[in-house]
Amino acid sequence: QVQLVESGGGLVQAGGSLRLSCAASGIIFSINYMDWYRQAPGKRRELVATITSGGNTNYADSVKDRFTISRDNAKNTVYLQMNSLKPEDTAVYYCHSSNPWYWGQGTQVTVSS
């Protein structure tokens with residue numbers, strides 16, 4: 001059974017930092033591309049960051065130079081380090097695997113101004 005369990009969300013002031021974690025089970029983690037998406041109220045879910053099986057990364061322009069995606073294959077975990085947070089980063093953040101195509105339950109990030 002596939003499980004992606006996110007943690008690390010919360011309330012933070014603008015300019016602060018949070019680190020999200022996503023623990024995976026039921027998948028061959030090391031071969032998976034892993035992504036973080038987010039969805040703000042009334043908006044479409046958007047891709048935030050991707051890390052390939054080889055460790056290459058890509059970011060949305062809105063988070064480039066502020067967010068860092070990383071992975072620990074020994075722990076079957078993908079991370080999203082979020083620095084210099086802005087109120088517009090407020091959203092539910094979702095972990096996603098490529099094979100199988102699967103979503104976590106999401107974790108709320110709220111950035112106050």
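Strand 9, residues 91-98, pairs with strand 11 in the antiparallel sense, and 3 bridges join the two. One of the bridge partnerships is between Ala91 and Val109, the latter in strand 11. Please keep in mind throughout that what we have before us is a predicted model.

Let us stay with strand 11, which covers residues 107-112. Which of its side chains are buried, and which are not? Thr107, Val109 and Val111 point to one face and are buried. Gln108, Thr110 and Ser112 point to the other face and are not buried. The side chains of this strand therefore alternate along its length, where buried means under 20% relative accessible area.

Strand 11 has a further partner. Strand 2, residues 10-13, runs parallel to strand 11, and 4 bridges join them. Leu11 stands opposite Thr110 of strand 11. Strand 11 thus pairs with strand 9 in the antiparallel sense and with strand 2 in the parallel sense.

I turn now to another group of strands. Strand 1, residues 3-7, pairs with strand 3, residues 18-25, in the antiparallel sense, over 5 bridges. Within that pairing, Gln3 has Ser25 of strand 3 as its bridge partner. Strand 3 is also paired with strand 8, residues 77-82; this pairing is antiparallel and has 6 bridges. Here Arg19 has Gln81 of strand 8 as its bridge partner.

With these pairings in mind, we may consider the chain as a whole. How many helices and how many strands does the chain have? The count is 0 helices and 11 strands. The pattern along the sequence is accordingly β-β-β-β-β-β-β-β-β-β-β. The radius of gyration is 13 Å, close to the 13 Å given by the globule rule for 113 residues, so the chain is as compact as a globular protein of that length. Taken along the principal axes, the C-alpha atoms fill a box of roughly 40 × 25 × 25 Å.

Some totals complete this overview. Of the 113 residues, 42% count as buried. Among the contacts between residues at least 6 apart in sequence, 53% join residues at least 24 apart. The chain exposes about 5900 Å², and carbon and sulfur atoms supply 47% of that area. As for charge, there are 10 positive and 8 negative side chains, and the centres of the two sets lie 1 Å apart.

Next, I should like to examine individual residues, beginning with Ser97 in strand 9. Is Ser97 buried or exposed? Its relative accessible area is 0%, and Ser97 is therefore buried. Setting aside neighbours within four places in sequence, Ser97 is in contact with Leu4, Ile27, Asn32, Tyr33, Met34 and Tyr102. The C-alpha atoms of Ser97 and Thr50 are 9.9 Å apart in space, although the two residues are 47 residues apart in sequence.

Arg45 offers a second case. Arg45 is placed in the loop between strand 4, residues 34-39, and strand 5, residues 46-51. Its relative accessible area is 32%, so Arg45 is partly exposed. Not counting residues up to four places away in sequence, Arg45 touches Tyr37, Arg38, Gln39, Tyr94 and Trp103. Tyr94 deserves a separate remark: Arg45 and Tyr94 are 49 residues apart along the chain, and 9.1 Å separates their C-alpha atoms.

Finally, I shall address the backbone in three loops. Where does a cis peptide bond occur? Such a bond joins Asn99 and Pro100, with omega about 5°. Pro100 is in the loop between strand 9 and strand 10, the latter being residues 101-103.

Two residues call for attention on account of their phi angles. Asp65, which is not a glycine, has a positive phi near 75°. Asp65 is found in the loop between strand 6, residues 57-59, and strand 7, residues 67-72. At 81% relative accessibility, Asp65 counts as exposed. Asn76, also not a glycine, has a positive phi of about 50°. Asn76 lies in the loop between strand 7 and strand 8. Why does Asn76 count as partly exposed? Its relative accessibility is 26%, and partly exposed covers the values between the buried limit of 20% and the exposed limit of 50%.

How values were computed. Residues numbered from 1 in each chain as written. Predicted model: local features only at pLDDT ≥ 70, side-chain atom pairs only at ≥ 80, totals over all residues. Heavy atoms only, no water. Helix = DSSP H or I, 4+ residues; strand = E, 2+ residues; numbered from the N terminus. Rg over C-alpha atoms; globule rule 2.2 N^0.38 Å. Buried < 20%, exposed > 50% of the residue type's maximum accessible area, 1.4 Å probe, protein only. Contact = heavy atoms within 4.5 Å. Areas by Shrake-Rupley, 256 points an atom, 1.4 Å probe, with all protein chains shown as cover. Lys, Arg positive; Asp, Glu negative; His and termini not counted. Charge placed at Lys NZ, Arg CZ, Asp CG, Glu CD. Pairing = 2+ DSSP bridges.
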